[in-house]
Amino acid sequence: MSEIIAAKGRTSIRRWQRLLAVTLALLLGAVWVIPASPADAEAAYTDIPGENHWSHEGILFVISEGWMTGTGNGSFSPQRITSRAALAAVLYRIAGSPETGMSADFKDVPPNAWYQKAVDWAFLTGVSRGCSETAFGPDDALTREQAVTMLYSFAQSCGYSQTELSLFYDQDGAYMTYADSDQVSQWAIPAVNWCLNAGLLQGREKDGALLLDPKGLVTREQLAAILYRFDHIVKWPGKGDALGTESNRLTVKGLLTSPSYVINEADAALLEELLADEGWEKTEDFLEYPPSFTLHLGDTQYLFYVRDGAWLNQCGFITTQEDGEKASGGMTPAEPAVLQRVIDICQHYTPE
């Protein structure tokens, strides 16, 4: 009995330590963020939605990663509208809170504001250009198109090339399938297209119409959900590449949160033989179309596509060279049966 009481006491102390840490972080300007476990994160706040709620997992994730903190008095305030400064601060934390040594000189960003370093970093890295040449609008409510544009720019600042970003980019305009597509600002179109194809952004149904609501305001729980999806796509310092570093695996439906399957050695050897250069015609043309699955063999990713319900007789490739640079292009098999054999092997790894 005494051991059980002692264990409960230690748990209680840890929870109070977590609450104290979060409170101190808020008092110090919400810059000092201490990661917690999901269990600690849930214990620290009283208003986190239940586990069946769509935002539950995302909120616990961003808290446990130290990307977002509460709003005081043991609250996370999931339905509170978030600000432009708040997203800049989150991305700054993900990047490791680097020192910039320079100022963006926005007139509406006080030198000692809790978000000042984050805003300077966001401007200097190109993550955000502000509302004008002299204003950032730190306290302005964050819109959906502003949020995805900052995320898109952050992906680029993390080292992703345009080619890699284009894996999710629909040149025909995914945003145009929404009833309010004409409301998307011109500067936001590339980011909105990318985020739609990557699964970061989802439409809303209203009166039978599917809407993007680009000017709609982002709540804290919505931001947490977006960041949770974003975690599975983007590479950032200290966390590795979302594409993964292990070899010989299959990722279904692109590079999103979809499952990956490890390819056994025998199949990997056969696939490498089937995909050998001599059996394929290679070009520098990279098909900018979302892949249905991606095969990772050694230093090369092979991307396979479905269009109009049929497999394309072409695949893409991205090879990481010894110097770290990446070469990409398209591949067409000399014999269509070779590509079909590759697809058949890969499909054995996926559920019916």
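**Exercise 1. How are α10 and α11 oriented to each other, roughly parallel or roughly antiparallel?**

*Solution.* The model under study is a predicted one.

Step 1. Establish the geometry. The axis of helix α10 (residues 265–274) and that of helix α11 (residues 336–347) come within 10 Å, with a crossing angle of roughly 160°.

Step 2. Apply the cut-off. Angles over 145 degrees count as roughly antiparallel. Helices α10 and α11 are therefore roughly antiparallel to each other.

Step 3. Add the handedness. The crossing of α10 and α11 is left-handed.

Step 4. Identify the residues in contact. Helix α10 contributes Asp267, Leu270, Leu271 and Leu274, while helix α11 contributes Val338, Arg341, Val342 and Ile345. Sorted by class, the contact of α10 with α11 has six nonpolar, no polar and two charged residues.

**Exercise 2. Describe how helix α4 is placed against helix α5, and then examine Ala122.**

*Solution.* Two packed helices are described by the angle between their axes and the distance between the axes.

Step 1. For helix α4 (residues 84–94) and helix α5 (residues 116–124), the axes come within 8 Å and the crossing is at roughly 80°.

Step 2. This angle makes α4 roughly perpendicular to α5.

Step 3. On the α4 side, the contact is made by Ala88, Ala89, Leu91 and Tyr92; on the α5 side, by Lys117, Ala118, Trp121 and Ala122. The contact of α4 with α5 has seven nonpolar residues, no polar residues and one charged residue.

Step 4. Turn to Ala122, which has its place in helix α5. Its relative accessible area is 0%, and Ala122 is therefore buried.

Step 5. Locate the neighbours of Ala122. Leaving aside residues up to four places away in sequence, Ala122 touches Ala88, Val127 and Ser128. The C-alpha atoms of Ala122 and Ala88 are 6.3 Å apart in space, although the two residues are 34 apart in sequence.

**Exercise 3. Determine the arrangement of helix α4 and helix α6, and then examine Ser153.**

*Solution.*

Step 1. The axes of α4 and helix α6 (residues 144–157) come within 11 Å and cross at roughly 20°.

Step 2. With this angle, α4 is roughly parallel to α6. The crossing of these two helices, α4 and α6, is right-handed.

Step 3. The contact is made by Arg84, Leu87, Ala88, Leu91 and Ile94 of α4, together with Gln146, Ala147, Met150, Leu151 and Phe154 of α6. In terms of class, the contact of α4 with α6 has eight nonpolar, one polar and one charged residues.

Step 4. Compare the two residue lists for α4. Ala88 and Leu91 appear in the contact with α5, and Ala88 and Leu91 also appear in the contact with α6.

Step 5. Turn to Ser153, which lies in helix α6. Ser153 has a relative accessible area of 14% and is therefore buried. Not counting residues up to four places away in sequence, Ser153 touches Gly126 and Val127. Ser153 and Gly126 are 27 residues apart in sequence, with a C-alpha to C-alpha separation of 6.7 Å.

**Exercise 4. Why is helix α3 described as largely enclosed by the rest of the structure?**

*Solution.*

Step 1. Recall the cut-off: buried means under 20% relative accessible area.

Step 2. List the residues of α3 that satisfy it. These are His56, Gly58, Ile59, Leu60, Phe61, Val62, Ile63 and Ser64.

Step 3. Draw the conclusion. Eight of the nine residues of helix α3 (residues 56–64) are buried, so the helix is largely enclosed by the rest of the structure.

Step 4. Note what follows the helix: just after α3, Gly66 takes a positive phi of about 80°.

**Exercise 5. Characterise Asp105 and Asp213 by backbone angle, place and accessibility.**

*Solution.*

Step 1. Asp105 is not a glycine, yet its phi is positive, at about 60°. Phi of Asp213 is also positive, near 55°, in a residue other than glycine.

Step 2. Asp105 is found in the loop between α4 and α5. Asp213 is found in the loop between β2 (209–211) and α9 (220–230).

Step 3. With a relative accessible area of 54%, Asp105 is exposed, whereas Asp213, at 24% relative accessibility, counts as partly exposed.

**Exercise 6. Summarise the chain as a whole.**

*Solution.*

Step 1. The chain has eleven helices and nine strands.

Step 2. Of its 352 residues, 47% count as buried. The accessible surface of the chain comes to about 18000 Å², and 50% of that surface belongs to carbon and sulfur atoms.

Step 3. Among contacts between residues at least 6 apart in sequence, 65% join residues at least 24 apart.

Notes
Residues numbered from 1 in each chain as written. Predicted model: local features only at pLDDT ≥ 70, side-chain atom pairs only at ≥ 80, totals over all residues. Heavy atoms only, no water. Axes fitted to C-alpha atoms, helices over the stretch in contact; angles between N-to-C directions. Helix = DSSP H or I, 4+ residues; strand = E, 2+ residues; numbered from the N terminus. Parallel < 35°, antiparallel > 145°, perpendicular 65-115°, else oblique. Contact = heavy atoms within 4.5 Å. Nonpolar A, V, L, I, M, F, W, Y, C, P; charged D, E, K, R; others polar. Buried < 20%, exposed > 50% of the residue type's maximum accessible area, 1.4 Å probe, protein only. Left-handed = near helix turned anticlockwise from the far one by under 90°. Areas by Shrake-Rupley, 256 points an atom, 1.4 Å probe, with all protein chains shown as cover.
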